[in-house]
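Please read the following explanation alongside the sequence and the coordinates, taking the helix packing before the individual residues.

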Amino acid sequence: MIKFFISLLFFLKLIFVRKDVDVLFYYPQHFNRGLNNENLLFQPLYKSCNQKNKSYLVFEEPDRKCFQKRNTDTIPFDFLFYLIIFLRKIKFSDKKIAEIFSNLFFRRFNCKNIIILSQSLLDFFRFCYKESNIFDLQHGLIHLSKNSYVEDGSINKRISKNNINLLLFGKGFKDLLLMSNSSKYVKNKAHVIGFYKKNVKNFHTGPNRNIIVTLQFTEDHSMCDNLILKDELHIFIKNNPQYFFYLRHHPRYNNEVNLYDILKFENVDIAPLQLIDCFEKCSIHLTAYSTVTFEAASFGIPSIFFTSIQSKYNMFYRDFQYPIINDLNYIENNYLASSNLVKKWESQFYSSFNEDKFISLLK
């Protein structure tokens, strides 16, 4: 409730006080995944703006279902966000809402560039700021079945009709988008700015029989798929008693499945809170299709994949061409070779952050 009133006061003040910024950042609360509840994906962009004297503001979208805490360095978007939801419920279009807000809350607020995560309120911001550069910063995997990017073989119409620029982590993702029927749009509007990598080193020279498991139990799946994944996890752990498994929930996990029976295994525990501590402890990564596969690979940690729902989620082999076979024994027996292969593979998709490239894209 405090955040709501802070938001209310800020946007009421904005009606009367002029504010101009070079960059507006907008993101949902569940991206506060840093040690101090910071948005790790935006952090290098903030730093670049500070170093290049680019002024900016950060709006944080609330998420009631989210267990990530709010970030105190952002401006809560709560008041306008819930007002948008209310107006949508009484059949106002985003275009009409944007028209109202443009003449009220944003009448004195100007921003040359808008950078959005998860394509949240993309249409709304385009209707509000027709002349601004709007960027979608990649936040997870882009593959040929991800409808928010590729739809019926072409770039998603929501992106193209709103003239959205894409900020990508690496050439591998851009190459995938170039395979669509919108290659001309991708060439002009998709920009590889890289990904901030810090202290990337190999923790393991051989397998230690500790496995970090990144779980995919979210509302994105049907209950059936979640239960199928749970059964496969149960069987995998039961069939491999010589390993110790550390379970790490998805950031948007909301008790979709009960893991009580799995946590009763003596060789199972909850993973450390910080992902870097998981990599230091575990030499192998197990998942259905988590983005952590790429992060693990950057530290030379190979992954194996659950197969029960791969008819729907097989992008790592189909699109990303993961370089080692899906076999735990093979990784155990060929650890160093597997480690080197995945590290080289990851660098195609996650290049180092290019500050000059990022700044050159801004108005």
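In this predicted model, helix α1, which spans residues 2-14, packs against α3 at an angle of about 90°, and the two axes are 7 Å apart. Angles of 65 to 115 degrees count as roughly perpendicular, and α1 and α3 are therefore described as roughly perpendicular to each other. On the α1 side the contact is made by Lys3, Phe4, Ser7, Leu8 and Phe11, while α3 contributes Asp78, Phe79, Leu80 and Tyr82. Sorted by class, the residues of this contact of α1 with α3 comprise six nonpolar, one polar and two charged.

Helix α3, residues 78-89, also meets helix α4, residues 94-102, with axes that come within 10 Å and cross at roughly 135°. That angle lies outside the ranges for parallel, antiparallel and perpendicular arrangements, and α3 and α4 are therefore oblique to each other. The crossing of α3 and α4 is right-handed. From α3 the contact draws on Leu80, Leu83, Ile84, Leu87 and Arg88, and from α4 it draws on Asp94, Ile97 and Phe101. The residues in this contact of α3 with α4 divide into six nonpolar and two charged, with no polar residue among them. Leu80 thus appears in the contact with α1 and again in the contact with α4.

The next topic is the nonpolar core. Which residues have the most contacts inside the largest nonpolar core? They are Phe77, Phe106 and Phe124, and the core that holds them has 118 residues. If neighbours within four places in sequence are left aside, Phe124 is in contact with Phe77 and Phe106, and also with Ile84, Asp94, Ile97, Ala98 and Phe101. Among these partners, Ile84 belongs to the α3 side of the contact between α3 and α4, whereas Asp94, Ile97 and Phe101 belong to the α4 side.

Two residues other than glycine can be considered together for their backbone: phi of Leu121 is near 55°, a positive value, and phi of Asp152 is likewise positive and near 55°. Leu121 is found in the loop between β4 (109-117) and α5 (122-128), and Asp152 in the loop between β6 (150-151) and β7 (154-155). Are these residues buried or exposed? Leu121 has a relative accessible area of 8% and is therefore buried, whereas Asp152, with a relative accessible area of 77%, is exposed.

A charged residue can also be buried, as Lys230 in helix α9 (residues 223-239) illustrates. Because buried means under 20% relative accessible area, the 14% relative accessibility of Lys230 places this residue in that class. Not counting residues up to four places away in sequence, Lys230 touches Phe217, Val257, Asn258, Leu259, Asp261 and Ile262.

Further along the chain, Phe294 lies in helix α12, which covers residues 292-298. Phe294 has a relative accessible area of 1% and so counts as buried. The C-alpha atoms of Phe294 and Lys343 are separated by 8.6 Å, although these two residues are 49 residues apart along the chain. With residues up to four places away in sequence again left out, Phe294 touches Leu141, Phe173, Phe316 and Phe320, together with Trp345, Glu346, Phe349 and Tyr350.

Definitions and conventions:
Residues are numbered from 1 along each chain as its sequence is written. This is a predicted model: local features need pLDDT of at least 70, side-chain atom pairs count only at pLDDT 80 or more; totals for chains, interfaces and linings use all residues. Side-chain values use heavy atoms; hydrogens and water are left out. Axes are lines fitted to C-alpha atoms, for helices over the stretch in contact, and angles run from 0 to 180 degrees between N-to-C directions. Helices (H or I, at least four residues) and strands (E, at least two) are DSSP runs, numbered from the N terminus. Angles under 35 degrees count as roughly parallel, over 145 as roughly antiparallel, 65 to 115 as roughly perpendicular and the rest as oblique. A crossing is left-handed if the near helix is turned anticlockwise from the far one by less than a right angle, and right-handed if clockwise. Contact means heavy atoms within 4.5 Å. Ala, Val, Leu, Ile, Met, Phe, Trp, Tyr, Cys and Pro count as nonpolar, Asp, Glu, Lys and Arg as charged, and the others, Gly among them, as polar. A nonpolar core is a set of buried Ala, Val, Leu, Ile, Met, Phe, Trp, Tyr and Cys residues joined through side-chain atoms within 4.5 Å. Buried means under 20% relative accessible area, exposed over 50%, partly exposed in between (1.4 Å probe, protein chains only).
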